[in-house]
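Colleague: I'm new to this one, so could you walk me through it? I'd like to hear the reasoning behind the terms you use.

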Amino acid sequence: MATGHTSAVPRRKDKLLVIMGATGAGKSRLSLDLATRFPFFEIINSDKIQLYRGLDITTNKLPLPERLGVPHHLLGELDPRDGDFTPADFRAVAGQVVSGITNRRKVPMLVGGSNSFIHAMVADRFEPGCNVFEPGSDASLSAELRYNCCFLWVDVSMAVLTEYLSKRVDEMLDSGMFEELAEFCDPDRQDKHDPAAVPTGLRKAIGVPEFTRYFKKYPQSKRDEDDDRERRAAYEEAVRAIKDNTCQLAKRQIGKVLRLRGGGWDLRRLDATDAFRAVVATTSSDSDGGERWSDIWERQVVGPSVKIVKRFLEE
Ligand code: ATP
């Protein structure tokens, strides 16, 4: 067998910017702020639910016009009927996307809250099926990385994030989340005879289990004026459960980010708490006179991130 020429100089690792943080903390916004300032970035989604087509409002996918022409990969590209995508699948597919981007002399940016996918993607040593976030699984967390990574962690204090997430769920409902979920969960609208039509990949999206319970009891086709009070109470219960589950998700995600940092990943923390405090205040009547949230975001999050990214790109 021909051995070929092996160079003594190891190949330089590809650069990868990673934006992480809890759901709602502003990762997508920061990714666009950076991609518009450094126009060679291309974004790869690392939210395990946003990988799939469908439920765009419920899963909070950035709509096409808001992507500002920045290429986004693995965002709404998979068919939810194909079943769950594993961290190992993500490592393989996102790895190919990174190669494609770097071959075009662009720079990849991984953006999303699924830390199991981020770990699988960038760890040098990865054991499929091994959950690094399980207590006691220290040995499997790889501090060695297969890319030259720069990690930005957008953090918001849990008290402020909780308030913001509640407001965000209300806004999503105003934008059509209920109708979208009715289409998806209402038993009267499902194709009961075709098992292949079950969109498995989306069944765990927050909003689906909560409203599946609701539509089982109150399918839209059986609207009965007599049960309006109970229907309203069940609706409010579903909304409350979505808000609670979203906050639980945020807490778990922050725990995983801390675990990665504890495992030796050099995460640069950006504190977006003041900006989010201003966002939450903008709807209340006493917001006049406060600094605009976008100015605070720019000063406390974007500015420091730009400096970090510049240094990383010059290395
Ligand atoms: P886990 O191992 O708990 O799945 P993870 O790091 O792989 O964690 P997370 O991003 O924390 O992935 O997602 C966990 C769960 O949170 C998902 O299975 C889903 O229920 C919910 N979730 C995540 N992202 C979204 C989203 N965009 N929309 C709705 N629900 C989501």
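Colleague: Which side chain has an N or O atom 3.1 Å from a nitrogen atom of the ligand?

Modeller: That's Asp47. Keep in mind that this is a predicted model.

Colleague: What makes that a polar contact?

Modeller: The cut-off is a pair of N or O atoms within 3.5 Å. The pair at Asp47 is at 3.1 Å, so it counts as a polar contact.

Colleague: Where do oxygen atoms of the ligand come in?

Modeller: One is 2.3 Å from an N or O atom in the Ser116 side chain. For Lys204 the partner is a polar backbone atom, 2.5 Å from a ligand oxygen. Both residues are also listed among those that come nearest, along with Lys48, Ser114 and Lys256, out of 15 around the ligand.

Colleague: Ser116 belongs to the contact of helix 2 with helix 3, too. Why are those helices called oblique?

Modeller: Their axes cross at roughly 60° and come within 8 Å. Roughly parallel needs an angle under 35 degrees and roughly perpendicular starts at 65, so helix 2 is oblique to helix 3. The crossing is right-handed.

Colleague: Which residues make that contact?

Modeller: Helix 2 brings Pro87, Phe90, Arg91, Ala94, Gly95 and Val98, while helix 3 offers Ser116, Phe117, Ala120 and Met121. Seven of these are nonpolar, two polar and one charged.

Colleague: And why is helix 4 called oblique to helix 8?

Modeller: Here the angle is about 40°, with the axes 9 Å apart. That angle isn't under 35 degrees and doesn't reach 65, so the pair is oblique. This crossing is left-handed.

Colleague: What meets what there?

Modeller: Val160, Glu163, Tyr164 and Lys167 of helix 4 meet Thr273, Phe276, Arg277, Val279 and Val280 of helix 8. They split into five nonpolar, one polar and three charged.

Technical notes. Residues numbered from 1 in each chain as written. Predicted model: local features only at pLDDT ≥ 70, side-chain atom pairs only at ≥ 80, totals over all residues. Heavy atoms only, no water. Axes fitted to C-alpha atoms, helices over the stretch in contact; angles between N-to-C directions. Helix = DSSP H or I, 4+ residues; strand = E, 2+ residues; numbered from the N terminus. Parallel < 35°, antiparallel > 145°, perpendicular 65-115°, else oblique. Left-handed = near helix turned anticlockwise from the far one by under 90°. Contact = heavy atoms within 4.5 Å. Nonpolar A, V, L, I, M, F, W, Y, C, P; charged D, E, K, R; others polar. Near = heavy atom within 4 Å. Polar contact = N/O pair within 3.5 Å; in protein donor to acceptor, adjacent residues only side chain to side chain.
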